[in-house]
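Visitor: Please take a close look at one part of this model for me, namely the sheet and what is attached to its edge. I would like one connected account.

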Amino acid sequence: MTTPPPSWPGTDATDATDYTAAAPPGCPAHGLGPGGLRRIYGPEADTDLAGLYEKLRAEHGAVAPVLIHNDVPIWAVLGHSENLHMVRTPSQYTRDSRSWRAVQDGSAGLDHPLAPVFTWQPMCSFVEGDEHQRLRGAVTGAMSGIDHRGIRRYINRYTNHLLNDICQDGHADLVSQFAEHLPMMVMCHVLGMPEEYNERMVQSARDMIKGTETAIASNAYVMEVLMGLVARRRANPEEDFTSSLIAHPAQLTDDEVGAHLRLVLIAAYEATANLIANVVRMVLTDPRFRAQLSGGQMTVPEAVEQSLWDEPPFSAMVGYFAKQDTQLGGQRIRAGDGLIMGIAPGNVDPVVRPDLAANMQGNRSHLAFSGGPHECPGQDIGRAIADTGVDALLMRLPDVELAIDERDLRWTSSIMSRHLVALPVKFAPRPPQDVMARPSAQMPTPRRDWQVSSPPPRRPEPAAPAAPPSAAPAAAPAPEAAPPKGAWQRFLTWWRGH
């Protein structure tokens, strides 16, 4: 077991013992950082961050000392209940990074690769008390004005647009050609800047949270675009999220509006892009999962919730900061210590999930959207994009299959997230359709070989129902008249925004 120095992480760097310096060749200590602590960045983390978290759990339990970029010490919270305690106890833990010792001593300064993530900004996720209520109230108030049914119509429209670009080819990469673009198209529409949707915006949004050398520049580009939007909407309000945020009685400044637009855009975009890719991958690689969807035993929203347990869009959140000396998971946490909310390791905590193969259908106690006062305010939008987008994709391309062996899929990882590099698929080529049409239009006959685990639900006979005894005999329907929709079809029509 690797034990941190008694004074970690508040000790001076000169007092820390570098246990790796004297490690002999082949020793497992090679690759560790100062104090013998494991790095959750770099080659090992990039290759298998989930496996690294499990090593930490075995060595330290529910809370483990680790190093992030530039070997800055921080605690990784791995336990499900420990994470919930941290996010739900604002009297002990804050999101205000100005209290973090690493920020105060400059080791986590503005040039740190993760600075765009943890640097204090005038927005609700970094403040507390009355100021948190003011800013959070403005965000939730602006979101309450979003027409979610109308948004689903736009999601279907954008989905059709993206699928029209690939449907005639018979093959596609559903990461770069679908999952990475649909959320940005929708969020640019929600914020009121559809003209700003482009490839640079997509790639900058993904890059700025990865801790790369270009993350700070990517963040600067995104903020430049958003502040331009704020200026335009101050002068000419429209019916969009940005105008609602500006007009809220909380009277946010331009900097506050821009910071919250960034928060909503990046959180919703990155989470939803990963979520869409993960759900589609699960459908394509797990025959039981696909059979349940096809047979009606599981809905797409339920499939999304299962994915939020198994492959949360954000694997961690940096960070929370101790306001006082306390204990968590058996570790002594000092005032000024930083902590990472371990979303992915918390979701697989053996205490709450002793059997990872068990179906979590109907259980929403995962950590994917955080919790407590800073629970993600835009999770409903993310769910709507994923639910509707995946549903429309499977209706347009019901015969879609993975084009390579599942073992050949590749992932990229960072402290914040893990996502597929590519998801190559194949399907029968088909002509484009009107982007304004319902996704079910021109839908090919579903594949019957999806049914691999259980038969589909019993369907009513196609014969017309008998007329009531007192009614006169009904005239025969016209030969091409469509049968009336059942309750399920009517619900699906409403759900998809039509």
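Guide: The sheet is an open one of 6 strands, ordered β1-β2-β3-β9-β6-β4, with mixed pairing; strands here are DSSP runs (E, at least two residues) and helices are DSSP runs too (H or I, at least four), numbered from the N terminus, and two strands pair if DSSP finds at least two bridges between them. Its edge strands, each pairing on one side only, are β1 (38–39) and β4 (93–94). This is a predicted model, in which local features need pLDDT of at least 70 and side-chain atom pairs count only at pLDDT 80 or more, while totals for chains, interfaces and linings use all residues. Residues are numbered from 1 along each chain as its sequence is written, and side-chain values use heavy atoms, with hydrogens and water left out.

Within the sheet, β2 (residues 63–68) and β3 (residues 72–77) are antiparallel and share 6 bridges, with L67 having P73 in β3 as its bridge partner.

At the edge, R38 forms a salt bridge (a side-chain nitrogen of Lys or Arg within 4 Å of a carboxyl oxygen of Asp or Glu) with E59, their closest N and O atoms being 2.6 Å apart. This pair links distant parts of the chain, since R38 belongs to strand β1 and E59, 21 residues apart from it, to helix α1 (residues 43–60). R38 counts as buried (under 20% relative accessible area, with exposed over 50% and partly exposed in between, using a 1.4 Å probe and protein chains only) because its relative accessibility is 15%, and E59 is likewise buried, at 16%. Both residues belong to a network of salt bridges that links R38, E44, K55 and E59.
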